[in-house]
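Student: I have a structure to read and do not know where to begin. Could we go through some features one by one?

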Amino acid sequence: MKPESRGSAAKVAEPPSPGALDCLRAIRRLMALCLLPGCLHVGTGAAAGAEPVVYRLKWLQNSSTVGDLYADVHGFFAARGLSVVVKPGGPERDAIKELELGHSHFGVASADQVIRAAAKGAPVVVIAQIFQVNPLQWIYRSNRPPIDALAQLKGLTIGITYGGNDETIMRTVLAKAGLDESDITLLSVRYDFTPFYRGRADLWPIYRNSQGIVIANRMAQSGEPVRFFNPADFGVHFVANSVVVHQRLIDTRPDLVHRFRQALLQGWQAALDEKNEARALETIARFDADTPPDLMARQLQVTRKLVRPTPDFAVGRLDVEAWRQTEEIMRARGLIPRAVDVVSRLYRPGAP
Amino acid sequence: MLTRRIYQFLIVYAAGLALLLGLKYLAGLSDYVIPGPSLVWQTFHDVWGRYAADTLDTLTVAVLGQVASICLATAIGIVGRQTTWFGNFVKVAAYNVQAYPIVALAPIIFILLGDGFITRLAIAAMICYFPLLLVVLGVMSEPVEEIEHFYRMTGRMRWQLEVKIRAFENLHKLTTVVAGSATLAMAGTIVAEFIAANAGIGYSIRIALYQSDLGKILIALFLIGISLSVYQALLEWAGTLVHRRWEMVEGGAVP
């Protein structure tokens, strides 16, 4: 069970000088021990017999992470002999760096993070793609005509986070539409929605399944219904969050990777099953006390469509074409200096 | 003074960089976690012009913010030196405002004032004014009895004179804290830009963080350090100059 190609990744992780190999290995072991406070901490608190694992999310614990939380709370990890600490993420967290530093065993990272890391030699491997449709979309008021063609973006004021992957996506959309920066106005996005509320921006980036529900609800209450602009509807498939692991763990503990992946995906599958909706909502509510239950239920419905587009869809499937396109987009936008063959970083269970 | 400041900074920066690189090679970390020397150099080559302009932009706001904070701290210090109810009230209010972390207030400031120049200036001034205020309050509340006694006894004491005597007697303390607060002004501006502005080196650092690019952050830190060293050296030099001039012109006596 190895990724299609791991040669380049493994090569980067190896020490440069064969002569000093033993010495470096010894020092690295020592460093690894120093760099593993999280894992050691987990080890002391883990249930007897269960293997301690640290799993770093990309963002806060809410409906976007329902499967991760469900797998933990409802014993999917425990059933496979794992004692998993699911740690919330945040803007200052980078799961890939944590994997390399040994602070986490598994993590969630966006596709652009994975590709940037691969371009800099990080031996990262994607073991599951949670979101099949990117939840990063743009909200706009319904009082303007629906955007059915990309040419309709001309003349609009569009919010983007400079440096964020919404900038990359929007610039790709604009390139696809044959528009350049003089045809539209770009507005820098901050943490608050004030420019959108005040009408300074026509389109504002938003996470469709979390903020999108809350903002749409708030605007509907003030008599301003909204719509969402989804780049995927226009052929721009930029992969969103995925579960990642360090190549070292695949090499040394393939069974652990296999058990974790199986438990996690089963957790997601169960959490998105309509039959388990009440339990899933109850699970989210334990971690997200600020979202009202009705909005949470709507967030879960939207998350379900983004993660499992059809009822029989196998959660976690790696959309190879979308990954390829994501790399091409980043390459075209100059965000990576050279091709990284990201497909070789995708985990293939059962591959030789 | 300037050369000393710069090479002291270079030593600290080089030591920090060496530590990072040592960690990188010992733990076998990729360039994604800690960039190697060639990548850092390449990044420097790619971004130094843009980042230098951003740093100058930030420094300009920091300098103006510091001037604003000096004026504010002086005004509050002069009013707060009085042992009256109002003087006490001003002192307590100034302390209470400082109790709120700026990162909690910054979003409110940004929502009210937008993400332009005024907001960055306000946050820079707010961050660096408190240490100035403490020193100004301390200096202004402490009578210089041996001099003030004479003026009081002869009925010539006015508040302007009192302020002048106390400032003169503590000039070294005041110039030291002004030079020191430059760091805070710069840090305050960078925090403001990082949180929500659209310009400056703090904003560039935020973008670099989005892109997980430690190389760019190291370059930004280098430019911030250099510009701050130059600015602090200039402040120290100006402080020495003022001190000498007061002593020479007034012959050491308060007019």
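Student: Let me start with one cysteine. Is B:C71 buried, partly exposed or exposed?

Tutor: First, keep in mind that this is a predicted model. The general idea is a pair of cut-offs: a residue is buried under 20% relative accessible area and exposed over 50%, and partly exposed in between. B:C71 has a relative accessibility of 49%, so this cysteine counts as partly exposed.

Student: What about B:C128, buried or exposed?

Tutor: Its relative accessible area is 0%, so B:C128 is buried.

Student: How many disulfides does the whole structure have?

Tutor: A disulfide calls for two cysteine sulfur atoms within 2.5 Å. A search over all chains finds zero such pairs.

Student: Now the surface. Which residues form the nonpolar patch?

Tutor: The patch is made of B:L64, B:I108, B:L112, B:L113, B:F117 and B:I118. Together these residues have about 600 Å² of accessible area.

Student: Which helices supply at least two residues each?

Tutor: Two helices of chain B do: helix 4, residues 102-113, and helix 5, residues 117-141. Helix 4 of chain B gives the largest share, three residues. One residue in helix 4 of chain B is B:I108. Its relative accessible area is 48%, so B:I108 is partly exposed.

Student: Next, a sheet in chain A. In what order do its strands lie?

Tutor: When reading a sheet, look at the order of the strands and then at the direction of pairing. Here three strands of chain A form an open sheet in the order 8-5-9, and the pairing is antiparallel. At the edges are strand 8 (204-207) and strand 9 (226-229) of chain A, each of which pairs on one side only. On average, neighbouring strands of this sheet are turned by 45 degrees against each other, with direction ignored.

Student: How many bridges join strand 5 and strand 8 of chain A?

Tutor: Four bridges, in the antiparallel sense; strand 5 of chain A covers residues 136-141. To find the pairing in the picture, look for A:I139, which stands opposite A:W204 in strand 8 of chain A.

Student: Last, a loop residue. Where is A:D94?

Tutor: A:D94 sits in the loop between strand 2 (82-87) and helix 5 (95-101) of chain A. A loop residue can be checked against the cut-off too: at 10% relative accessibility, A:D94 counts as buried.

Student: How far apart are A:D94 and A:K58 in sequence and in space?

Tutor: They are 36 residues apart in sequence, and their C-alpha atoms are 7.5 Å apart in space.

Note on methods. Residues numbered from 1 in each chain as written. Chains lettered and ligands numbered in written order. Predicted model: local features only at pLDDT ≥ 70, side-chain atom pairs only at ≥ 80, totals over all residues. Heavy atoms only, no water. Buried < 20%, exposed > 50% of the residue type's maximum accessible area, 1.4 Å probe, protein only. Patch = residues over 30% accessible without salt bridge, like charges linked within 9 Å, V, L, I, M, F, W, Y side chains within 5 Å. Areas by Shrake-Rupley, 256 points an atom, 1.4 Å probe, with all protein chains shown as cover. Salt bridge = Lys/Arg side-chain N within 4 Å of Asp/Glu carboxyl O. Pairing = 2+ DSSP bridges. Axes fitted to C-alpha atoms, helices over the stretch in contact; angles between N-to-C directions.
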